[in-house]
Amino acid sequence: MKTIRMKELAIGVAMLAIGLIYLAMTMQLPDKGLIDSAFVPYILAGTICLLGVLQLLASRRPDLGPLTTEEKIEAEAEKAAGASDYGTVAKTLGLIVIYAALLNLVGFPIMTALYLYVQFLVLTPTAHKTNHLAYVATAIISSATIYVAFRYGFDLMLPSGPLFNF
């Protein structure tokens with residue numbers, strides 16, 4: 001249990017440090033008003049710092065007592081699944097590279113919807129049934145919402161691609 005507590009503490013310290021560094025970098029962006037190019041980075045920096053603090057607090061919580069048999073089985077299953085996590089990370093990194101490479105050519109709305117759908121498939125555990133309709137709907141709605149928010153709400157241009165040149 002002591003090693004778990006130390007890992008949680010290290011993760012909390014790392015997240016807080018990254019959040020503070022990101023916040024310092026964000027403060028160097030030019031300030032043009034309330035909602036500008038620094039708006040989202042400020043939100044992200046604040047969120048990372050908040051998560052770091054929450055992780056630090058979680059690492060200080062008292063032990064909840066010995067593990068039950070069911071909790072031991074779950075811990076063993078998570079440990080066994082840890083080997084497959086490297087494959088998921090590799091797939092995710094590959095998807096990010098493909099997304100970045102094709103973003104300007106295909107455009108943000110289409111490429112983001114495709115990326116999200118495939119990422120949902122990658123992150124779905126093999127034991128669960130895949131709900132393709134829900135994945136497609138979530139990907140399309142999320143992509144469209146983000147595109148409209150940035151294009152018309154924040155007045156920031158995103159690559160629109162050949163189908164959305166209007």
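1. Is Ala 100 buried or exposed? Ala 100 has a relative accessible area of 54%; because a residue counts as exposed when this value is over 50%, Ala 100 is exposed. This residue belongs to helix H3. Its C-alpha atom is separated by 9.1 Å from that of Met 111, a residue eleven positions away along the chain.

2. The reader should note that the model is predicted. The protein chain has an average pLDDT of 80, and 81% of the residues reach at least 70. Confidence is lowest in helix H3 (residues 69-106), where the mean is 75. Confidence is highest in helix H4 (residues 108-123), with a mean of 89.

3. The length of helix H5 (residues 132-153) may be checked by simple reasoning. With 1.5 Å allowed for a residue, its 22 residues should span 32 Å. The C-alpha atoms at the two ends of H5 lie 30 Å apart, which agrees with that expectation.

4. Which residues of H5 are buried? They are Tyr 135, Ala 139, Ser 143, Tyr 147 and Arg 151. These residues lie on the same side of H5, because they cover an arc of only 95° around the axis. The face turned away from this buried side carries exposed residues, namely Leu 133, Ile 141, Tyr 152 and Gly 153.

5. A nonpolar patch of about 450 Å² is present on the surface. The residues that make this patch are Leu 50, Leu 51, Val 53, Leu 54 and Leu 57. One of them, Leu 50, is found in helix H2, which comprises residues 39-59.

Methods:
Residues are numbered from 1 along each chain as its sequence is written. This is a predicted model: local features need pLDDT of at least 70, side-chain atom pairs count only at pLDDT 80 or more; totals for chains, interfaces and linings use all residues. Side-chain values use heavy atoms; hydrogens and water are left out. Patches are made of residues with over 30% relative accessible area and no salt bridge: like charges are joined within 9 Å, nonpolar side chains (Val, Leu, Ile, Met, Phe, Trp, Tyr) within 5 Å. Accessible areas come from the Shrake-Rupley method with a 1.4 Å probe; for residues, only the protein chains shown count as cover. A salt bridge is a side-chain nitrogen of Lys or Arg within 4 Å of a carboxyl oxygen of Asp or Glu. Helices (H or I, at least four residues) and strands (E, at least two) are DSSP runs, numbered from the N terminus. pLDDT is the predictor's confidence in each residue, from 0 to 100. The expected span of a helix is 1.5 Å times one less than its number of residues. Buried means under 20% relative accessible area, exposed over 50%, partly exposed in between (1.4 Å probe, protein chains only). The arc is that of the directions from the helix axis to the C-beta atoms.
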